[in-house]
Amino acid sequence: MKLIAYVMDGHELDIRPARPNRAWMDAYFERYAYGCLPLLMANMHGWEIFSPVSFTAIWNGGGHKDGVAILEDEDSNGQILSFFGSGIVTYKLPAVFRTEPGYDLYVQAPPNNPIDGVAPLAGIVEMDWATTIISMNWQLTRPNFAVRFKKGQPLCQVFPVKRGELENFEPEKRRLSDEPELAAYIDEWLARRRGFQAALKDPDSPERRQKWPGNYRRGTDVFDESAAPSDHLTRLRLKPFKEKPDGDGG
C-alpha cells in the first residue's frame, strides 16, 4: 500500500509518524493519562505535519477574511493565510497527496492536543483521483485573543480511510438486558472498576502503584483471561515517508 506526498519544488514538508506523547499528558499527575490505551492509539493514528514557521493569529470577531491578522516570524511563502473568513486560519500544505484506489485522505489536527482560543476543522478528500493542494484549517474562537503557533509544532495529521466503508455498517440499538450474559459481565466489570478506583485513594495500595487495571492493554477480561483477538494492538509503528532520489518517479 502506498501513500505518496508530491512536495512542491522550493518547499519542504516536515511529515513524520504521529507521536504518542502530549505535553498535558506529561504534566498529568503521575503521568496517569498514559495508561489510557485508546487515547494513545488515537494520538499515533496517522502522520503529523509540522508548522514551517512560527506565527501569531488574532481575530477581530468579524466574518471577513481581513478580520484575521497573521503575524509570521518569517515568511511562510504563502502557506499560512486567512482565506475563508470567520476567524479561520488556513495552512496550505505544499504537497499533492496520492492514496491507493478507493482510499480517501482524512485531514485533521493532532487529536487530544487542545489549544486555547482555536479549534481545528477536519476534512476528508478523495486523494486517489483529485489533483489538488489540500489545507488544514483552524478556527479562532476568541476575538482579540492572540493564538501562538511555533515552528515545528504539529499543525495537521493525515491518514487514509477506505471510501464508503462506513456505509456498509448496519447499526442497531438493543437493550443490555436482552443479553443476560453480557449484562452480568458488565455488572462485574463495574463492581471491580469501582473497587479499583476506591483503592486508588490509599497511597500504599497495589492499585495505586498499578495506576490502571490494564486489562484492555493486556487484551484480557476482568478475570484476567485472554479475550482479545490476535491482532490486538498496543502501539502503531508507522513507516516514515522516504525521500525518492531526484528523477526517480517509481
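## A tour from a buried aspartate outward

Begin by selecting D104, which at 8% relative accessibility counts as buried (under 20% relative accessible area with a 1.4 Å probe and protein chains only, where over 50% is exposed and anything in between is partly exposed). The model on screen is predicted, so that local features need pLDDT of at least 70 and side-chain atom pairs count only at pLDDT 80 or more, while totals for chains, interfaces and linings use all residues. Residues are numbered from 1 along each chain as its sequence is written, and side-chain values use heavy atoms, with hydrogens and water left out.

Next add R163, which forms a salt bridge with D104, the closest N and O atoms being 2.7 Å apart (a side-chain nitrogen of Lys or Arg within 4 Å of a carboxyl oxygen of Asp or Glu). This pair links distant parts of the chain, 59 residues apart, with R163 in the loop between β14 and α3 and D104 in strand β9 (strands are DSSP runs of E, at least two residues, and helices runs of H or I, at least four, numbered from the N terminus). R163 is partly exposed, at 31% relative accessibility. Extend the selection to E126 and D128, which salt bridges with shared partners join to D104 and R163 in one network.

Then select R174 and E172, whose side chains meet in a salt bridge at 2.7 Å, N to O, and which are both exposed.

Finish at F97, which touches residues including I49, L105 and V158, not counting those up to four places away in sequence (contact means heavy atoms within 4.5 Å).
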